[in-house]
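User: Could you take me through a close look at one part of this model, going slowly enough for a first-year student to follow each step?

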Amino acid sequence: MAAEFSPIPRGDDGEPVFREPWEAQAFAMTLALYEQGVFTWTEWAAALSATIKEAQASGDCDDGSTYYQHWLSTIEQLVRDKGIASEQTLEERRNAWDRAAHATPHGQPISLANDPLQQSASLDHAQDNDDT
């Protein structure tokens with residue numbers, strides 16, 4: 001059903017094609033939000049279409065290389081619009097992923113556990129528990 005409203009890049013085998021792991025994760029998040037009833041496919045397709053049109057009007061290269069950036073922007077917009085997450089929450093999560101990416105050794109999977117602030121908070125929490 002998703003392909004009817006929001007076509008995604010597909011390989012010769014018909015399966016979705018993702019250049020980066022985060023693209024597959026963005027796709028999976030969208031499916032999970034849909035399955036939880038956060039939005040309908042019609043609503044999703046309209047929002048994604050609006051995001052892409054806005055980007056194109058602003059000079060997006062329109063060669064497919066930014067498709068999942070638009071996908072992610074649309075997810076963020078919908079969760080803000082639905083009151084699921086505030087812009088501040090989204091910004092904090094983006095920053096945490098950025099810190100984790102910079103702290104992750106090259107070639108290793110990026111995990112929020114690698115965020116130095118997350119590690120610091122975990123250590124502080126553990127020390128607080130030790131003090132009790």
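Analyst: A good place to begin is a polar contact of 2.9 Å, which joins the side chain of Thr51 to the side chain of Thr74. This comes from a predicted model, and the values given here are computed from its atoms. Thr51 is found in helix H3, which covers residues 41-57. If its neighbours within four places in sequence are left aside, the residues in contact with Thr51 are His70, Ser73 and Thr74.

To place this part in its setting, it helps to step back to the whole chain. The protein chain has six helices and zero strands, and read along the sequence its pattern is α-α-α-α-α-α. Of its 132 residues, 27% count as buried. Among the contacts in the protein chain with a separation of 6 or more, 44% are between residues 24 or more positions apart.

The next step is the nonpolar core. The largest nonpolar core has 18 residues, and Trp44, Trp71 and Ile75 are those with the most contacts inside it. The elements that give two or more residues to this core are H2, H3 and H4, and H4 gives the most, with six residues.

Trp71 also leads on to the aromatic rings, where a pair is counted if the ring centres lie within 6.5 Å. By this rule there are nine aromatic pairs. One of these pairs is formed by Phe27 and Trp71, with 5.7 Å from centre to centre and 35 degrees between the planes, and it is tilted. Phe27 lies in helix H2 (residues 21-35) while Trp71 lies in helix H4 (residues 67-81), so this pair ties together parts that are 44 residues apart in sequence. Both Phe27 and Trp71 are buried.

Trp71 has a ring pair with Tyr67 as well: the two centres are 5.8 Å apart and the planes stand at 55 degrees, so this pair, too, is tilted. Here the partners belong to one helix, because Tyr67 and Trp71 are four residues apart in helix H4, which means that about one helical turn separates them. Tyr67 is buried, and so is Trp71. Taken together, ring pairs link Phe18, Phe27, Phe39, Trp44, Tyr67, Tyr68 and Trp71 into a cluster.

Helix H4 can also be followed to its contact with another helix. The axes of H4 and helix H5 (residues 87-103) come within 10 Å and cross at roughly 145 degrees. In this contact, Glu76, Val79 and Arg80 in H4 meet Glu87, Leu90 and Arg94 in H5. Sorted by class, the contact of H4 with H5 has two nonpolar, no polar and four charged residues.

Leu90 makes a useful last stop, as it lies in helix H5. With a relative accessible area of 13%, and with buried meaning under 20%, Leu90 counts as buried. Its C-alpha atom is separated by 9.3 Å from that of Val79, and the two residues are 11 residues apart along the chain. Apart from its neighbours within four places in sequence, Leu90 is in contact with Glu76, Val79, Arg80 and Ala85.

Notes
Residues are numbered from 1 along each chain as its sequence is written. This is a predicted model: local features need pLDDT of at least 70, side-chain atom pairs count only at pLDDT 80 or more; totals for chains, interfaces and linings use all residues. Side-chain values use heavy atoms; hydrogens and water are left out. Rings of Phe, Tyr and Trp (its six-membered ring) pair if their centres lie within 6.5 Å; planes under 30 degrees apart count as stacked, over 60 as edge-to-face and the rest as tilted. Buried means under 20% relative accessible area, exposed over 50%, partly exposed in between (1.4 Å probe, protein chains only). A polar contact is a pair of N or O atoms within 3.5 Å; within protein, one must be able to donate a hydrogen and the other to accept it, and residues adjacent in sequence count only if both atoms are side-chain atoms. Contact means heavy atoms within 4.5 Å. Axes are lines fitted to C-alpha atoms, for helices over the stretch in contact, and angles run from 0 to 180 degrees between N-to-C directions. Ala, Val, Leu, Ile, Met, Phe, Trp, Tyr, Cys and Pro count as nonpolar, Asp, Glu, Lys and Arg as charged, and the others, Gly among them, as polar. A nonpolar core is a set of buried Ala, Val, Leu, Ile, Met, Phe, Trp, Tyr and Cys residues joined through side-chain atoms within 4.5 Å.
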